Amino acid sequence: MIIKKEGVYLLLKQIPSGKVTTYKALANLLHTKGYRAIGQIVKNNPFAPIVPCHRVVRSDGSLGGYMGQISGPLIQKKKKLLLHEGVVCEGNKIRDFKKVFTDLK
DNA sequence: AGAGCACTGATCC
DNA sequence: GGATCAGTGCTCT
């Protein structure tokens with residue numbers, strides 16, 4: 001199965017403020033199991049400022065990574081961004097994950 | 001061409 | 001219940 005990376009960006013741009021999605025959801029929408037590939041696509045996204053890559057998290061509620069760092073100051077910034085948008089985080093995970101989660105369907 | 005990765009589900013302990 | 005294995009597809013070296 002081939003992931004259409006443009007589809008990933010398209011989906012990401014459709015995430016409303018205050019909502020997040022997961023790699024799994026994206027993979028499901030793209031009909032693929034290459035979850036990690038989506039991580040790579042998002043990480044190396046050529047639309048860094050345009051695509052809200054901080055709204056993509058792991059299916060277990062953890063933040064995943066941000067701009068090449070799976071942990072570090074960038075992650076803290078990601079948390080702050082999400083919090084500013086209404087997504088409450090606790091530690092490296094999202095608190096009301098189900099509430100802020102959207103699969104864009 | 002080969003290795004790595006912002007993942008996930010299934011096994012193994 | 002946590003740790004590890006296997007499958008997956010794109011990007012970088």
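Here is a short conversation about a predicted model of a protein with DNA strand C.

Visitor: How many residues surround DNA strand C, and which are the closest?

Guide: Let's begin with the count: 13 residues surround DNA strand C. By kind, they divide into six nonpolar, four polar and three charged. The closest are M1, I2, I3, A37 and N44.

Visitor: Which helix gives the largest share of the surface near DNA strand C?

Guide: One of the closest residues to DNA strand C is A37. Helix 3 spans residues 35-43 and brings five residues to this surface. The largest share therefore comes from helix 3.

Visitor: What share of the atoms of DNA strand C within 4 Å of the protein belongs to sugar and phosphate?

Guide: The surface around DNA strand C is made by 13 residues. Of the DNA atoms that come within 4 Å of the protein, sugar and phosphate account for 76%.

Visitor: Which residue has a polar side-chain atom 3.2 Å from a base oxygen of DNA strand C?

Guide: Some polar atoms face phosphate oxygens instead: a backbone atom of M1 is 2.5 Å from one, and a side-chain atom of K5 lies 3.4 Å from one. The residue with a polar side-chain atom 3.2 Å from a base oxygen is R36.

Visitor: Turning to salt bridges, which residue pairs with R55?

Guide: The structure holds four salt bridges. In the one formed by R55, the closest N and O atoms are 3.0 Å apart. This pair links distant parts of the chain, with R55 in the loop between helix 3 and strand 2 and its partner 30 residues away in helix 4. That partner is E85.

Visitor: Is R55 buried or exposed?

Guide: Residues under 20% relative accessible area count as buried. R55 has 11% relative accessibility, so R55 is buried.

Visitor: How far apart are the closest N and O atoms of E90 and R95?

Guide: E90 is partly exposed at 47% relative accessibility, and R95 is also at 47% and partly exposed. Their salt bridge has its closest N and O atoms separated by 2.0 Å.

Visitor: Where is N92, and which residues is N92 in contact with, leaving aside its neighbours within four places in sequence?

Guide: N92 sits in the loop between strand 3 and strand 4. With 47% relative accessibility, N92 is partly exposed. Its C-alpha atom is 22 Å from that of A37, a residue 55 places away along the chain. Leaving aside those sequence neighbours, N92 is in contact with G61, S62 and L63.

Note on methods:
Residues numbered from 1 in each chain as written. Chains lettered and ligands numbered in written order. Predicted model: local features only at pLDDT ≥ 70, side-chain atom pairs only at ≥ 80, totals over all residues. Heavy atoms only, no water. Helix = DSSP H or I, 4+ residues; strand = E, 2+ residues; numbered from the N terminus. Buried < 20%, exposed > 50% of the residue type's maximum accessible area, 1.4 Å probe, protein only. Contact = heavy atoms within 4.5 Å. Near = heavy atom within 4 Å. Polar contact = N/O pair within 3.5 Å; in protein donor to acceptor, adjacent residues only side chain to side chain. Nonpolar A, V, L, I, M, F, W, Y, C, P; charged D, E, K, R; others polar. Salt bridge = Lys/Arg side-chain N within 4 Å of Asp/Glu carboxyl O.
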